[in-house]
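Visitor: I'd like to go through this one label by label and hear the reasoning behind each. Could you put it up?

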2 protein chains.
Amino acid sequence: MAANPTAAMIVIGDEILSGRTRDSNLHFLAGKLTDHGIGLVEARVIGDDRQTIIDTVNALRARHDHVFTSGGIGPTHDDITAEAVAAAFGLTADIRDDARALLQAYFDSRGIEATPARMRMARIPEGAALIDNPVSVAPGFSLGNVHVMAGVPRVFEAMLTGLLPGLVGGVPVRSRTLRMLRGEGEVADILAGVAGEYPDLSFGSYPFQQDGRFGTNLVIRGTDESLLDQALSRLESALSVGAA
Amino acid sequence: MAANPTAAMIVIGDEILSGRTRDSNLHFLAGKLTDHGIGLVEARVIGDDRQTIIDTVNALRARHDHVFTSGGIGPTHDDITAEAVAAAFGLTADIRDDARALLQAYFDSRGIEATPARMRMARIPEGAALIDNPVSVAPGFSLGNVHVMAGVPRVFEAMLTGLLPGLVGGVPVRSRTLRMLRGEGEVADILAGVAGEYPDLSFGSYPFQQDGRFGTNLVIRGTDESLLDQALSRLESALSVGAA
């Protein structure tokens with residue numbers, strides 16, 4: 001079985017690092033990539049700094065099949081992502097006719113003036129493919145293996161939903177979860193034992209608290225559904241036997 | 001004015017990258033650091049992989065005054081953070097008497113057996129300072145400038161709240177926000193103009209949608225409260241004049 005494609009995410013925005021805004025795009029992307037059989041291997045949150053964006057894009061695009069970015073492609077002076085991603089490829093991001101036409105039609109239909117600031121959103125590097133924005137028209141773009149999308153969650157989600165079917169995926173990673181009101185410490189040895197029997201699956205243990213009691217979600221992950229079911233049964237019976 | 005200390009965060013956990021769990025510790029940390037005058041410059045989300053943890057810790061601890069980690073310090077086989085962070089410093093994380101005593105007293109008081117799995121939570125590198133865990137006792141630790149904390153939000157938050165007053169902070173970064181039901185494109189030029197007049201402040205623009213209308217939060221950030229108030233007034237009057 002060939003290994004699944006890998007991906008990284010870059011969340012771009014001072015507002016995330018200052019605590020002003022809570023990012024939700026990472027969580028959305030992570031779930032969608034898992035379902036599509038692309039493994040999200042790392043994510044980075046960085047500020048609106050040109051050189052940092054360039055360095056981060058170049059480090060991650062060399063290492064992964066796909067890089068997804070969110071944030072910094074609006075019309076204001078602090079929206080520098082498009083230009084910085086282009087620069088990472090040794091290109092510029094100038095106003096491109098196809099993107100300009102999309103925006104112009106949208107502005108015309110709403111009676112909005114096509115100011116230079118608004119037309120900043122038509123800056124697309126030469127050779128990049130536009131990513132459709134069904135929410136507010138201003139497009140994202142794919143340049144090589146880097147997919148540049150908006151930070152506003154509704155727009156990011158709509159862009160990704162349109163983009164993803166066109167990307168080659170792998171075997172979706174599935175999971176089985178066993179939720180118990182028993183602490184991690186109580187099940188750790190049993191879990192480690194069963195995990196050792198299934199080297200093709202990964203076993204995780206995630207504690208929680210509920211009404212002052214400790215609980216644990218045991219999660220088994222892998223691509224083979226029948227193996228997952230088998231491991232889940234094995235874990236359930238090991239835990240019943242182990243529960244005095 | 002001396003520059004504020006800088007920090008990075010490392011969120012450790014396969015469950016975040018698979019989309020199973022939504023991280024909330026980054027947002028909590030970001031807000032607390034801003035209030036404390038420590039600048040969060042970058043954050044990385046990585047999986048439960050020993051070498052990745054080692055490499056990431058070593059890259060970031062050399063670059064920042066503080067590194068904060070969350071996740072992977074529980075009792076199960078997939079909790080490898082303590083040992084990996086120790087290895088990043090060329091150390092090991094063995095069961096240490098002070099941490100063992102804390103856990104033993106807690107287990108005794110609750111009639112819980114001190115199994116080897118549970119005692120994994122007493123693995124603390126030599127020379128590290130314990131971070132108090134008022135929720136579930138098992139401590140975190142500070143090793144050099146790396147602060148290792150739990151992933152469960154309630155525990156992470158309690159650990160950080162105890163840790164932070166002991167760290168040297170800087171001048172808190174304050175902000176002023178102007179919320180408007182006008183699109184970014186409409187205010188971009190005015191914003192850029194006012195931003196140019198105040199080089200010591202940073203100006204950000206964050207679009208949102210509400211009931212199908214576009215709105216924008218304009219955020220001014222800086223350490224000088226009176227300068228912030230002055231810039232806010234200037235921005236308000238520029239926008240009123242600009243609004244035909």
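Visitor: What makes E10(B) and E11(B) a pair of strands?

Guide: Bridges do. This is a predicted model, and in it nine bridges join E10(B) to E11(B). Two strands pair once there are at least two bridges between them, so E10(B) and E11(B) qualify, and they run antiparallel. For one position in that ladder, take Ser205(B), whose bridge partner in E11(B) is Leu218(B).

Visitor: What lies between E10(B) and E11(B) in the hairpin?

Guide: Two residues separate the strands of that hairpin. Asp211(B) sits in the turn and has a positive phi of about 50°.

Visitor: Which strand does E9(B) join, and by how many bridges?

Guide: Strand E9 (residues 174-180) of chain B is joined to E11(B) by seven bridges, again antiparallel. There, Ser175(B) stands opposite Arg221(B).

Visitor: Over in chain A, why are E9 and E10 called edge strands?

Guide: Start with the order. Three strands of chain A form an open sheet, E9-E11-E10, with antiparallel pairing. Strand E9 (174-180) and strand E10 (202-210) of chain A each have a single partner strand, so one side of each has no neighbour in the sheet. On average, neighbouring strands here are turned by 20° against each other, direction ignored.

Visitor: How do you know that E9(A) pairs with E11(A)?

Guide: Seven bridges link E9(A) to strand E11 (residues 213-222) of chain A in the antiparallel sense, and at least two are needed for a pair. One of the matches is Ser175(A) with Arg221(A) in E11(A).

Visitor: Which helix lies across E10 and E11 of chain A?

Guide: That's helix H8 (residues 184-197) of chain A, running at about 165° to E10(A).

Visitor: What makes chain A more spread out than a compact globule?

Guide: Chain A has nine helices and eleven strands. The radius of gyration of chain A is 22 Å, well over the 18 Å that the globule rule gives for 244 residues, so chain A counts as more spread out than a compact globule. Along its principal axes the C-alpha trace of chain A spans about 75 × 45 × 35 Å. The domain assignment gives domain 1 (6-166) and domain 2 (174-242) in chain A, and their C-alpha centres lie 38 Å apart.

Visitor: Why is H4(A) described as largely enclosed?

Guide: Helix H4 (residues 81-88) of chain A has eight residues and seven of them are buried, so the helix is largely enclosed by the rest of the structure. A buried residue has 20 or more other C-beta atoms within 10 Å of its own. The ones that pass in H4(A) are Thr81(A), Ala82(A), Glu83(A), Ala84(A), Val85(A), Ala86(A) and Ala88(A). After H4(A) comes Gly90(A), with a positive phi near 75°.

Visitor: Which residues of H7(A) are buried?

Guide: In helix H7 (residues 153-163) of chain A, Val155(A), Phe156(A), Ala158(A), Met159(A) and Leu160(A) are buried. Their cover includes helix H2 (25-36), strand E3 (66-70), strand E6 (129-131), strand E7 (140-143) and strand E8 (146-149) of chain A. In chain A, buried residues make up 45% of the 244.

Visitor: Why is Val137(A) called partly exposed?

Guide: Val137(A) has 17 other C-beta atoms within 10 Å. Buried takes 20 or more and exposed takes 12 or fewer, so with 17 Val137(A) lands in between and is partly exposed. Val137(A) is in the loop between E6 and E7 of chain A, and has a positive phi of about 70° although it is not a glycine. For Val137(B), the count is also 17, so partly exposed again; its phi is near 70°.

Visitor: How do you know that E2(A) and E2(B) pair across the two chains?

Guide: Five bridges join strand E2 (residues 39-46) of chain A to E2(B), running antiparallel; the bar is at least two. Glu42(A) stands opposite Ile46(B) there. The whole contact takes 49 residues from chain B and 50 residues from chain A. Elements of chain B that each supply at least two residues to its side include helix H2 (25-36), strand E2 (39-46) and helix H8 (184-197). That side divides into 21 nonpolar, 16 polar and twelve charged residues.

Conventions
Residues numbered from 1 in each chain as written. Chains lettered and ligands numbered in written order. Predicted model: local features only at pLDDT ≥ 70, side-chain atom pairs only at ≥ 80, totals over all residues. Helix = DSSP H or I, 4+ residues; strand = E, 2+ residues; numbered from the N terminus. Axes fitted to C-alpha atoms, helices over the stretch in contact; angles between N-to-C directions. Contact = placed C-beta atoms within 7 Å. Domains from an automatic or database assignment. Nonpolar A, V, L, I, M, F, W, Y, C, P; charged D, E, K, R; others polar. Rg over C-alpha atoms; globule rule 2.2 N^0.38 Å.
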